[in-house]
Amino acid sequence: SGSADIEAAVCDGVVSIDTFAPTSVPSPNPTSEPTVWVCEDSADWYKAGKPSKDCDWVMDKPDSRCSEEGDDGTLATEGCPDACGLCPEDETATIAPTPCTDSTEWGYKGKSNKDCDWVAKKPSKFCSKDDGDDWLALSACPVTCGTCGCTDSDTWLYKGKSGKSCDHVAKKPSKYCDSEDDDGTTAGEACPMTCGNCGCQDSLTWLYKGKSGKDCDYMKKKTNKCSKYKDKDGTKAKEACPIACGEC
């Protein structure tokens, strides 16, 4: 008997193999090998205009930095996939991930003329809008809103309690985003979309020097200090409060 032809179908990064009955005559022109991509951080990527802020810098705070644009115009999610936690466990040879793109179906309140291109005109104002069915532009227009690779965890639970997931945090993020799970991971880290820690969103937990009341709303009145004021962890206001500081 002849050898079986094998067709590999790639779907969401998983290779499925279907074996078909062997043909009587081998193909004279074998099909080419699938494109192989090694999942690793680029040695050349760095934040636009900041050569010192490379993939190692991204890795320190991936939730807030993976949406940064590099000097070559690519996002950190593309240049630093490993730092952003996008590489599978087996990194030796995998099919390249689906590129991040804006939806062609989303429209503010269902209006076709108010799509992601419309959001791009003023992302600081429009990225928080939804389509009338709770589908936010932040999720639907990730390229425009800088949220590529930024998603809430579907396993995080406050103190391991059933029902206390990122959806629970979303009910009152200003109160719950500092909550921790059994492993000490905060909701702000596990639920970055909900807590305003990615893309064109103001953080709901950032506080200048940790002082109550000195949040992103406070920075709207202190925009000239956005590059100077930091929270207790050293995160600058312009990074945590991009809308308040006019950074997006």
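This section describes the secondary structure, side-chain contacts and selected residues of a predicted model.

The chain contains twelve helices and two strands. Along the sequence, the elements follow the pattern β-β-α-α-α-α-α-α-α-α-α-α-α-α, with both strands preceding the helices. The chain has 248 residues, of which 33% are buried.

Aromatic contacts were examined next. A pair of aromatic rings is described by the distance of the centres and the angle of the planes. The count comes to three aromatic pairs. One of these pairs is formed by tyrosine 108 and tryptophan 118, which are stacked, with 5.3 Å from centre to centre and 10° between the planes. This contact links distant parts of the chain: tyrosine 108 belongs to the loop between α3 and α4 (116-121), whereas tryptophan 118 is in helix α4, and ten residues separate them in sequence. Tyrosine 108 and tryptophan 118 are both buried. A stacked pair is also formed by tyrosine 208 and tyrosine 229, with a centre-to-centre distance of 3.9 Å and an angle of 10° between the planes. Here too the pair links distant parts of the chain, with tyrosine 208 in the loop between α10 (187-190) and α11 (216-219) and tyrosine 229 in the loop between α11 and α12 (237-240). The two tyrosines are 21 residues apart in sequence. Burial applies to both tyrosine 208 and tyrosine 229. Tyr108 and Trp118 also belong to an aromatic cluster, which they form together with Phe126.

Charged side chains form two salt bridges. In one of them, glutamate 68 meets lysine 47 at 3.8 Å, taken from N to O. Glutamate 68 is placed in the loop between α2 and α3, and lysine 47 in the loop between β2 (14-19) and α1 (55-60). The salt bridge between these residues therefore links distant parts of the chain, 21 residues apart. Glutamate 68 and lysine 47 are both buried. A salt bridge also joins the side chains of aspartate 217 and lysine 220, with an N to O distance of 3.4 Å. Aspartate 217 has a relative accessible area of 47% and is therefore partly exposed. Lysine 220, with a relative accessible area of 48%, is likewise partly exposed.

The surface also carries a negative patch, made up of Asp44, Glu69, Asp71, Asp72 and Glu78. Within this group, aspartate 72 lies in the loop between α2 (62-65) and α3 (76-79). The relative accessibility of aspartate 72 is 55%, so this residue counts as exposed.

Several loop residues were considered individually. Aspartate 202 is located in the loop between α10 and α11. Because its relative accessible area is 16%, aspartate 202 is classed as buried, the limit for this class being under 20%. The C-alpha atom of aspartate 202 lies 5.9 Å from that of isoleucine 243, although 41 residues separate the two in sequence. Lysine 209 is also found in the loop between α10 and α11. This lysine is not a glycine, yet its phi is positive, at about 55°.

The loop between α7 (142-145) and α8 (166-171) contains lysine 159. Lysine 159 has a positive phi, near 55°, in a residue other than glycine. The relative accessible area of lysine 159 is 46%, so the residue is partly exposed. Leucine 157 is placed in the loop between α7 and α8. With a relative accessible area of 26%, leucine 157 is partly exposed. Leucine 157 and threonine 186 are 29 residues apart along the chain, and their C-alpha atoms are separated by 9.7 Å.

Notes: Residues are numbered from 1 along each chain as its sequence is written. This is a predicted model: local features need pLDDT of at least 70, side-chain atom pairs count only at pLDDT 80 or more; totals for chains, interfaces and linings use all residues. Side-chain values use heavy atoms; hydrogens and water are left out. Patches are made of residues with over 30% relative accessible area and no salt bridge: like charges are joined within 9 Å, nonpolar side chains (Val, Leu, Ile, Met, Phe, Trp, Tyr) within 5 Å. Accessible areas come from the Shrake-Rupley method with a 1.4 Å probe; for residues, only the protein chains shown count as cover. A salt bridge is a side-chain nitrogen of Lys or Arg within 4 Å of a carboxyl oxygen of Asp or Glu. Lys and Arg count as positive and Asp and Glu as negative; His and the chain ends are not counted. The place of a charge is taken as NZ of Lys, CZ of Arg, CG of Asp or CD of Glu. Helices (H or I, at least four residues) and strands (E, at least two) are DSSP runs, numbered from the N terminus. Buried means under 20% relative accessible area, exposed over 50%, partly exposed in between (1.4 Å probe, protein chains only). Rings of Phe, Tyr and Trp (its six-membered ring) pair if their centres lie within 6.5 Å; planes under 30 degrees apart count as stacked, over 60 as edge-to-face and the rest as tilted.
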